[in-house]
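Hi,

Here is the structure I promised to pass on. Have a look when you get a moment, and then read on for what turned up in it.

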Amino acid sequence: MNESGVRLKKKSSPYGVKVPERKLTAQRPIERAPLPERAIISLHQNIGAASQALVRRGDRVLTGQKIGDSDKLISAPIHATISGEIAGTTMVINPATARPVEALVVASDGADEWVQLEPVENPEALSPKEILDRIREAGLVGLGGAAFPSHIKLAPPGDARIDTIILNGCECEPYATSDHRVMLECGEKVLSGLNIIRKLLSPETTYIAIEDNKEDAIEHMEDLIVAMGFKEDIKIVPLESKYPMGAERILTKLLLGREVPIAGLPLNVGVVVHNVSTTKAIHEAVVEGKPLVERVITVTGAVNSPKNLLVRFGTPLGSLIEYCGGIVGKANKVILGGPMMGFAQFDLGFPTMKGTNSVVVKEDTIVTEQCCIRCGRCIEICPMHLMPTLLAKYAKAGRYDQCKAAYVDNCFECGVCAYVCPAKIPIVQYIEMAKRELAKRAAKK
Ligand code: SF4
Ligand code: SF4
């Protein structure tokens, strides 16, 4: 522990890889992106059920107005991200599931007129139920990429005892810097949101995990923890910069020595992991009464002027790239979420969503898959102790039951096996295929 009593000893992991960080925007302050003329707002932006539209073509909507909701347990409402008129509906392909989802199109009136927000003067006086209701009504989901509804994650089943909260500020994906900038520029809100979830879960221990390539963020959060009076309750753990250090399972193992069970969650071992941008949004929802209509997105790679932008959901990718000065050179591929775990998106009209944390423009190179040379690198590197080479082989041959027997469900698709494979085998794509087929079979039963 250091002088302030807040920063603990740095930890490193035997697993994972050093990847080129390419944090081009680490020192670029957050800028507000222009509002879109038409916002394409998907009705399915979370894990769980899609929302049903609450508005019709021709309706006038205000920024922050709820325009979609579901009565299913695992769901999160959707809000208008600009004011204007509902111009109709369209379909967009969800890159994570490759499935079409319905979206509402809002034609801007240029006014950005908001609904009346309902801030609270004394958040300490709110009951746990009131806090969870405000989080749900604001449409909050995990902003680290998973997009799991936050009010569900923060209300563990009765028999689950949460003793530790880990706030995840690792941001180990190459290029991404949105969480870094959020810690530097909105650290008070991040800690206020963290304090709200501490009130809900009453943990014994709270850690903030930050990779050591963000020393300025570590120092800033350390100072804020002291200044805001959380010195006894919240500790910072610096981590060696390595991919995939920010994965929930890795953090749980590294900080607490606990293994998350196969197909389980950190919750199963008494831990809740939240992302720093999520706790900022929790502060805004609970204290300011502000629905989730925007987030910080890193737009980077082969663009003229990479930036960290505060973007309203539904803004087309093309207009963000244009705002960053357009594409440089022969770049022809856009990745949502980063090169290790992200999804390629070839349609620049595709809208940003709650789970979009970065937009990376790259030149796509044609890579030819070779035969496995049995070097074993993928096995050595896999943080889940799986046999990626076998999983790829079984999936390629359609032997999905063998994939299941080889614990394919425990793969969290970090991509390091494919990254180190000298034969350029797209191991993660094979694994995704096997998981999809197994899920289809399970749904038929
Ligand atoms: S098998 Fe899955 S968890 Fe293991 S390295 Fe590959 S992608 Fe990561
Ligand atoms: S890293 Fe690639 S070539 Fe080596 S064992 Fe794994 S799949 Fe085979």
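Below are my notes, going through the domains, the ligand, one helix and one set of strands.

Before anything else, keep in mind that this is a predicted model.

Domains first. The assignment splits the protein into domain 1, residues 139-286, and domain 2, residues 377-444. Taken over C-alpha atoms, their centres are 28 Å apart. Where the two touch, domain 1 puts in seven residues and domain 2 also puts in seven. What sort of residues does domain 1 bring to the side that touches domain 2? Six are nonpolar, one is charged and none is polar.

Next, the ligand. Ligand 1 has 15 residues around it, and the closest are Cys382, Pro388, Cys411, Cys414 and Cys417. Two helices each give two or more residues to that shell: H12 (416-420) and H13 (427-444). Of the elements involved, H13 gives the most, with three residues. By class, the shell around ligand 1 comes out as 13 nonpolar residues, one polar and one charged.

Now for helix H1, which covers residues 128-137. Which of its residues are buried? They are Ile131, Arg134, Ile135 and Arg136, so you'll find two arginines in that list along with the two isoleucines. As for spacing, an α-helix has 3.6 residues a turn, so residues three or four places apart point the same way. Ile131, Arg134 and Ile135 are worth viewing with that in mind. The buried residues of H1 pack against three other helices: H2 (150-153), H4 (187-201) and H7 (276-286). After H1 comes Gly139, with a positive phi near 75 degrees.

Last, the strands. E15 (residues 333-336) pairs with two others. With E17 (residues 358-362) the pairing is antiparallel and runs over four bridges, and Leu336 has Val359 in E17 as its bridge partner. With E16 (residues 343-345) the sense is again antiparallel, this time through three bridges. There, Ile335 sits opposite Ala344 of E16. In a regular strand the side chains alternate between the two faces of the sheet. The hairpin of E15 and E16 has six residues between its strands, and Gly337 in it takes a positive phi near 100 degrees.

If you open just two places, I'd start with the cysteines listed among the closest residues to ligand 1 and then go to the buried residues of H1.

Cheers

Note on methods:
Residues numbered from 1 in each chain as written. Chains lettered and ligands numbered in written order. Predicted model: local features only at pLDDT ≥ 70, side-chain atom pairs only at ≥ 80, totals over all residues. Buried ≥ 20, exposed ≤ 12 C-beta atoms within 10 Å, placed from the backbone. Domains from an automatic or database assignment. Nonpolar A, V, L, I, M, F, W, Y, C, P; charged D, E, K, R; others polar. Near = placed C-beta within 6 Å. Pairing = 2+ DSSP bridges.
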